2 protein chains.
Amino acid sequence: MYRNHTCGELSKTHIDEKVTLAGWVQKSRDKGFMIWIDLRDRYGITQLIFDEERSPKELMEKAKILGREFVIQVTGTVIERVSKNPNIPTGDIEILVDKLTVLNDALTPPFTIEDNTDGGDELRMKYRYLDIRRNPIRENLIFRHKVTMSVRNYLSELKFVEIETPYLIKSTPEGARDFIVPSRMNVGQFYALPQSPQTFKQLLMIGGIDKYFQIVRCFRDEDLRADRQPEFTQIDCEMAFVEQEDILNTFEGLIHHLLKEIRGIEVGKFPRMTYDEAMRRYGTDKPDIRFGMEFGELNEVTQHKDFNIFNKAELIVGIAVPGGNSYSRKEIDKLIDWVKRPQVGALGMVYVRCNEDGGYKSSVDKFYDQEDLTKWARITQAKAGDLICILSGDTIKVRPQLSTLRMELGERLGLRKPDEFAPLWVVDFPLLEWNEETQQYHAKHHPFTSPKPDQIEMLATNPGNVKANAYDMVLNGNEIGGGSIRIHDKDTQALMFDYLGFTPKEAEEQFGFLMKAFQYGAPPHGGIAFGLDRLVAILGGQETIRDFIAFPKNNSGRDVMIDAPSTIDSAQLDELHIKLNI
Amino acid sequence: MYRNHTCGELSKTHIDEKVTLAGWVQKSRDKGFMIWIDLRDRYGITQLIFDEERSPKELMEKAKILGREFVIQVTGTVIERVSKNPNIPTGDIEILVDKLTVLNDALTPPFTIEDNTDGGDELRMKYRYLDIRRNPIRENLIFRHKVTMSVRNYLSELKFVEIETPYLIKSTPEGARDFIVPSRMNVGQFYALPQSPQTFKQLLMIGGIDKYFQIVRCFRDEDLRADRQPEFTQIDCEMAFVEQEDILNTFEGLIHHLLKEIRGIEVGKFPRMTYDEAMRRYGTDKPDIRFGMEFGELNEVTQHKDFNIFNKAELIVGIAVPGGNSYSRKEIDKLIDWVKRPQVGALGMVYVRCNEDGGYKSSVDKFYDQEDLTKWARITQAKAGDLICILSGDTIKVRPQLSTLRMELGERLGLRKPDEFAPLWVVDFPLLEWNEETQQYHAKHHPFTSPKPDQIEMLATNPGNVKANAYDMVLNGNEIGGGSIRIHDKDTQALMFDYLGFTPKEAEEQFGFLMKAFQYGAPPHGGIAFGLDRLVAILGGQETIRDFIAFPKNNSGRDVMIDAPSTIDSAQLDELHIKLNI
């Protein structure tokens, strides 16, 4: 061992002890007659001291030439510091060094190894191994480890079994976003990397493993939005002989436990909200309920006048921005521009200033009187001093637009507090989703998701309204988990395929293997999967998942550190019996 | 919840309780007036009873038509059994059913769901989800979970951080056995799946994470020997600021802990043996030291006579088979045939019977007298009643041949006891390995493995004899883990590349990225990786890793259950800009 203590543990109680430390030179201050060096390792920083009076000349000379990030080993005596540093645990002491060994020198790093570095994103990613030396990234990775240990121990206590499912699986026709892997031994054939272990966890249920989980990598070859990764980690879970209520209770328990153990926070029973209610009140299926600004639907109190934009709109809906009346005209104009950006997509915004005197001033005063505006204020729960922002148009468009505005204003107003945690369940998701492109209904979750038993017949008459036994767990405006109760009997399954427009042949081709397994005694079952990267980031009070992944990829799916993906030589392609087609 | 008890937990203390159970019909005995059903779930078996006198007629009728593996839910009263079954925990009771719900019917399974099934390997693999219902496989998977939890908790306690490294990495020129993955977003470029996270764990050390581990999937596209898998799981570990001794102690602690916690076995300090000694005494670098039959080298006592086969051999070496003198001539001939099979490859075998009267009878009595044979017996530690088996030839061939014979005989003699655990460290592995094909030395481990510091200069004069700071952990004749101290300074590294015959340009091309990282302050570091699949199998007292993997592949790398790999449609290939070349 190159050390007998770490750089984070020495204190006054160690004074006069002889110690050996090893680590990196964080910084060096050379006063000529005296040199201080901050020595850093994973655990902290300890100050080393060399001085003319107490240190041999050769040692002083050796200390003088140490550069930033040199790796050194020192032996010396713990002494009390003259000027203490109350900001670090080792701030009372320093080491009077009597032996110094340079274990490795170092080039000057391309950015400072400090909490607030001068390195930009690309540079930090390119030298990720140096970025990881910085406290925030290192602490994030250690935090992630704590979370996964806590998850594993909690589920394990509840008799869940972690079972590894294969990474080299089969590509399915609907797996358009599968990464595929040519097989050398099976010429012309390919494996696929799993987008999730869905099939395998259902097979484990059929196999009698009634409580399964796995912290597992998943892969999706899709165009990456900001903060998505082509490989990501899920906490994947499934249970047999359960109903929706059992799943909700079990995994509410898990998140409860994590918030308590990891953050020391007790939250009460999670509120539940139907999908329809979430859409109505917040315009999204993943509402951030840490703050209000709930939607007020204004159709009834806006469509009686000559304002055509509202009159032809399917939905007119507003939110009250607390204290928003203080915004200048210019600020409001900027807000209107903001919602008109293509990323939001609104055509315009109507606003109402709620004056301190109880009166209202709106951008549509030509059409509406104080009596109208008073109703609007009541419905949006606006108070004197607030600003009401109103969007209108097709429900399917206007809700996400106003939700985006609500989240943005919540952020600007400091209402999205990183240390506050407001989980909720969103339940009763629609079973089907209308696909504009194919002009057909598709399964929103997957075709094995169970419809509400009493709504199966509605599939024939009003498919879009049929709800599923499907649920999401939402935390601070993020979907952190989602799942469903699966169909386990073949009659319901056949009915579903029929309604979804599959011929028996198509169903057989695409899902035959799993359907066959279902014939050998499938128990009722259901599950949930949590996005670990996001969950960890949110628990850490942040939203950038990249800072919680050791070696993330950029938005083009590239690892800029190792420069992957990359071309490979033709001999290797030959051996796999494939060639490029470009 | 479909149940309030499991099928493994009811006993006399529950008598008269009303309970609800759910599970699979294991078997059914219909005596006409009385029906017994064994209901099975993950936790055990509980007997259900229906009888003419106490059960309604409809219920009896319903119970009569239940087939094997039907999934049912029953409610009933716990009653004491008339004829108890002391072999199962629930054997004192049965359930007098008053409600029966068929949750799912089942086709007759293609093999019996019993501990000793009638299903062959292929059939079991094809219906693996049914195979998993069998106790031995299910218990193996649960056992594996226990082992991984124990590993994680132990290492976590020691401040190791589990960090997930990427699965989509870069293919390297020497990565001939890489699985590659075409990237859709980066046309003409490929990721590779990692053969191990070696590079990343070394980068984490450079990044200041001084104790890393990961239970991680690794991939190797090679022709599969029996009991190898194209994807396998490693316990991958690395530490910084350590020397070999620290790694050995830390991970000896891990295996110690596992043996104690998982098997209740205390083993003492692990013996250590150099590679050279292991080869000399057992003919292999992974000796099974649960039994003796050590090699006796006989050159000095055999090459003084006219027996040419021995005289021209590089090595003459024998083992004493305990009690082997009882073998008939026919049995010995079969043994000789066995060592001459191509899988072993010996050209012949000389044997010596050690008679009970102290005399010897050998197959080479023409050449050697009793005095010679007495010496042979002394060197091979043969006793009266034993059989000495002697092979001769080139050292490099004859050692593995005799080792194979030793293991086979150890097995046949019952000396390889599954409940006995004899771990050891094999240390001081050679740094280099001679490659017949390229007529060059290659790094045995990888080119970053550190040579013994005092032997670096010998690289120039006698490279084959240079030893490395490399070690294997061996358990019961299996290599369960291996690792090394890495080179961390660039001078030694440059020297190594030079000796290995790399030009600076080649070294840069193949290892440039990691060498660059090494320039920014790499600490001394080293590590080890354990093969989890094998470790779990051995801890479970078995040697077939396939029985400890939920969904294994066969020797052609196929998953016969999901039928992967498989062809994919041309549209998908087009989108990836590749085409088949067959």
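**Sheets, salt bridges and a shared interface**

In strand E13 of chain A, the bridge partner of A:Glu297 is A:Val317. This pair offers a handy way into the structure, which is a predicted model. The two strands concerned, E12 of chain A and E13 (residues 315–321) of chain A, are joined by 2 bridges and run antiparallel. They belong to an open sheet of 5 strands in chain A, whose order is E12-E13-E16-E14-E15 and whose pairing is antiparallel. At the edges of this sheet stand strand E12 (296–297) and strand E15 (360–362) of chain A; each has a single partner strand, so one side of each lacks a neighbour in the sheet.

A second sheet can be followed in chain B. This open sheet has 8 strands, arranged in the order E6-E9-E10-E22-E21-E20-E17-E11, and its pairing is mixed. Its edges are formed by strand E6 (161–162) and strand E11 (272–274) of chain B, each of which has a single partner strand, so one side of each is left without a neighbour in the sheet. Further in, strand E21 (residues 478–485) of chain B and strand E22 (residues 525–531) of chain B run antiparallel and are connected by 5 bridges. For a reader who would like to trace one of these links, B:Gly481 has B:Phe530 in E22 of chain B as its bridge partner.

Charged side chains add another kind of link. Side chains of opposite charge can pair when their charged atoms come close. Over all chains, the count comes to 104 salt bridges. One of them joins A:Lys18 to A:Asp98, with 2.7 Å between the closest N and O atoms. This salt bridge links distant parts of the chain, since A:Lys18 lies in strand E1 (residues 18–30) of chain A and A:Asp98 in strand E5 (residues 93–104) of chain A, 80 residues apart.

The meeting of the two chains comes next. In chain A, 130 residues are in contact with 130 residues of chain B. Together the chains bury about 11,800 Å² between them, of which 58% is on carbon and sulfur atoms. On the side of chain A, the residues that lose the most area to chain B are A:Glu164, A:Phe241 and A:Tyr520, which together account for 7% of what that side buries.

Salt bridges also cross this interface, and 16 are counted between chain A and chain B. Among them is the one between A:Asp563 and B:Lys170, where the closest N and O atoms are 3.8 Å apart. In addition, 77 residue pairs are in polar contact across the interface. Helix H4 (residues 135–157) of chain A gives the most to the side of chain A that touches chain B, supplying 9 residues. By residue class, that side of chain A consists of 67 nonpolar, 28 polar and 35 charged residues.

Strand pairing continues from one chain to the other as well. Strand E23 (residues 578–580) of chain A pairs with strand E23 (residues 578–580) of chain B in the antiparallel sense, over 3 bridges. Within this pairing, A:Ile578 has B:Leu580 as its bridge partner.

Finally, the two copies can be compared. Two copies of a chain are related by a rotation about an axis and a shift along it. Here, a turn of 180° and a shift of 0.0 Å along the axis lay chain A on chain B with an RMSD of 0.1 Å. This is the relation of a two-fold axis. The same surface serves both copies, as 100% of the contact residues of chain A recur in chain B.

Key: Residues numbered from 1 in each chain as written. Chains lettered and ligands numbered in written order. Predicted model: local features only at pLDDT ≥ 70, side-chain atom pairs only at ≥ 80, totals over all residues. Heavy atoms only, no water. Contact = heavy atoms within 4.5 Å. Buried area = accessible area lost by both parts, 1.4 Å probe. Salt bridge = Lys/Arg side-chain N within 4 Å of Asp/Glu carboxyl O. Polar contact = N/O pair within 3.5 Å; in protein donor to acceptor, adjacent residues only side chain to side chain. Helix = DSSP H or I, 4+ residues; strand = E, 2+ residues; numbered from the N terminus. Nonpolar A, V, L, I, M, F, W, Y, C, P; charged D, E, K, R; others polar. Pairing = 2+ DSSP bridges. Least-squares fit on C-alpha atoms with pLDDT ≥ 70 in both.
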